[in-house]
Amino acid sequence: MSTKTVGQSKVIMSSVMLPEHANPAGHVHGGEIIKLMDTAAAVVARRHARTNVVTARVDELEFHHPIFIGNVVTCHGQLTFVGKSSMEISITVTMEDLSKEEPAKTALTAFFTFVALDENGRPHPVPTLEITSEEEACLFEQGKQRYLAYKQKKARPAACQVTLEQQ
Ligand SMILES: CCCCCCCCCCCCCCCC(=O)SCCNC(=O)CCNC(=O)[C@H](O)C(C)(C)COP(=O)(O)OP(=O)(O)OC[C@H]1O[C@@H](n2cnc3c(N)ncnc32)[C@H](O)[C@@H]1OP(=O)(O)O
């Protein structure tokens with residue numbers, strides 16, 4: 001199995017927010033930004049895996065600052081953790097008001113888990129992650145904790161999981 005660095009799949013993607021992205025209150029709809037985040041995370045995952053990838057989970061999604069029509073939003077994405085076929089990607093969204101001479105602000109943050117698939121739609125192994133800095137090592141360890149927490153949750157007995165009433 002090959003190894004790749006975090007830097008080999010990093011992404012930065014910018015978009016201008018248009019009236020069609022607004023919610024009834026005039027802010028940019030959160031769902032529009034989440035779609036941009038998902039797309040940026042998919043680019044990172046696909047660069048790392050070079051196979052089809054799907055979103056499996058979103059952790060710790062936080063809205064820190066509202067976004068308005070006319071703002072430039074930028075998604076910064078990088079791998080934090082890699083399991084066997086799953087990859088966790090950190091996405092930070094910044095917003096910039098082009099009419100003001102001030103630095104971009106952090107608007108949203110989240111961790112997306114993607115799973116690489118083979119041609120039959122089954123999970124497929126991905127390259128391991130080569131860690132090259134202390135910051136990457138710290139993010140990897142935190143991602144590993146979320147990965148292990150998911151595995152633990154999945155192993156819980158059915159009685160501890162939400163079920164839908166039969167119609
Ligand atoms: C034509 C294209 C060109 C494009 C080129 C450019 C690309 C850029 C543009 C595209 C941008 C749009 C990108 C949008 C992407 C979608 O919108 S995809 C659509 C939404 N997602 C889905 O429909 C996925 C639905 N879920 C599933 O299909 C299955 O649950 C999954 C995710 C394949 C997992 O299957 P499974 O049988 O549960 O697999 P299992 O063996 O249990 O687990 C496999 C791995 O997944 C992990 N996993 C599974 N479920 C979870 C979970 N819920 N949470 C965390 N980890 C999980 C496991 O821990 C395991 O990890 P490893 O130990 O292998 O590392």
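Which residue forms a salt bridge with D97? In this predicted model, the partner of D97 is K100, and the closest N and O atoms of the pair are 3.6 Å apart. The legends below begin with the sheet and return to this pair in a later view.

**Figure 1. An open antiparallel sheet is built from five strands.** The strands follow the order 2-4-5-6-3, and their pairing is antiparallel. Strand 2 (11–16) and strand 3 stand at the edges with a single partner strand each, so one side of each is left without a neighbour in the sheet. From one strand to the next, the twist averages 25°.

**Figure 2. Strand 4 pairs with strand 2 and with strand 5.** Strand 2 and strand 4 run antiparallel and are joined by six bridges. The pairing of strand 4 with strand 5 (residues 86–96) is also antiparallel, and it extends over 10 bridges. A hairpin of three residues connects strand 4 to strand 5. V72 can be used to follow the register across these strands: V16 stands opposite V72 in strand 4, while E96 is the bridge partner of V72 in strand 5. For V73, the bridge partner in strand 5 is M95. Strand 4 is mostly covered, with 10 of its 11 residues buried.

**Figure 3. L79 is a buried residue of strand 4.** Strand 4 comprises residues 72–82, and L79 is found within it. The relative accessible area of L79 is 1%; because buried means under 20%, L79 is counted as buried. Beyond its neighbours within four places in sequence, L79 is in contact with V6, S9, V44, H48, M87, E88, I89 and L129. A42 offers a further point of reference: L79 and A42 are 37 residues apart in sequence, and their C-alpha atoms are 11 Å apart in space.

**Figure 4. Two helices lie across strands of the sheet.** Helix 1 (residues 30–49) lies across strand 2, strand 3, strand 4, strand 5 and strand 6 (105–117). The angle between helix 1 and strand 6 is about 45°. Helix 2 lies across strand 3, strand 4, strand 5 and strand 6, and it runs at about 75° to strand 4.

**Figure 5. R146 and E60 form a salt bridge between helix 2 and strand 3.** The side chains of R146 and E60 meet with an N to O distance of 3.2 Å. R146 lies in helix 2 (residues 134–154) and E60 in strand 3 (residues 52–63), so the pair ties together parts that are 86 residues apart in sequence. R146 is buried, at a relative accessible area of 15%, whereas E60 is partly exposed, at 45%.

**Figure 6. R57 and D59 form a salt bridge, as do D97 and K100.** The closest N and O atoms of R57 and D59 are 3.1 Å apart. R57 counts as partly exposed, at 28% relative accessibility, but D59 is buried, with a relative accessible area of 14%. In the pair of D97 and K100, the closest N and O atoms are 3.6 Å apart. D97 is partly exposed, with a relative accessible area of 23%, and K100 is likewise partly exposed, at 46%. Salt bridges that share partners join E60, E88 and R146 into one network. The count of salt bridges comes to five.

**Figure 7. The largest pocket is lined by 18 residues.** The volume of the largest pocket is about 410 Å³. Among the lining residues, S86, T113, V115, Y150 and K151 lie nearest the centre of the pocket. Strand 3, strand 5, strand 6 and helix 2 are the elements that give two or more residues to the lining. Helix 2 contributes the largest share, six residues.

**Figure 8. S86 lies in strand 5 and is one of the residues nearest the centre of the largest pocket.** Is S86 buried or exposed? S86 has a relative accessible area of 13% and is therefore buried, the limit being under 20%. Leaving out residues up to four places away in sequence, S86 touches F81, T113, F114, V115, V126 and Y147. Of these contacts, T113 and V115 are also among the residues nearest the centre of the largest pocket.

Methods: Residues are numbered from 1 along each chain as its sequence is written. This is a predicted model: local features need pLDDT of at least 70, side-chain atom pairs count only at pLDDT 80 or more; totals for chains, interfaces and linings use all residues. Side-chain values use heavy atoms; hydrogens and water are left out. Helices (H or I, at least four residues) and strands (E, at least two) are DSSP runs, numbered from the N terminus. Buried means under 20% relative accessible area, exposed over 50%, partly exposed in between (1.4 Å probe, protein chains only). Contact means heavy atoms within 4.5 Å. A salt bridge is a side-chain nitrogen of Lys or Arg within 4 Å of a carboxyl oxygen of Asp or Glu. Two strands pair if DSSP finds at least two bridges between them. Axes are lines fitted to C-alpha atoms, for helices over the stretch in contact, and angles run from 0 to 180 degrees between N-to-C directions. On a 1 Å grid over the protein atoms alone, a cavity is a set of points where a 1.4 Å probe fits but cannot get out, and a pocket is an open set with protein on both sides within 12 Å along at least five of seven lines; lining residues have an atom within 4 Å of a point. Grid points are joined across faces, edges and corners, and a volume is the space filled by probe spheres set on the points.
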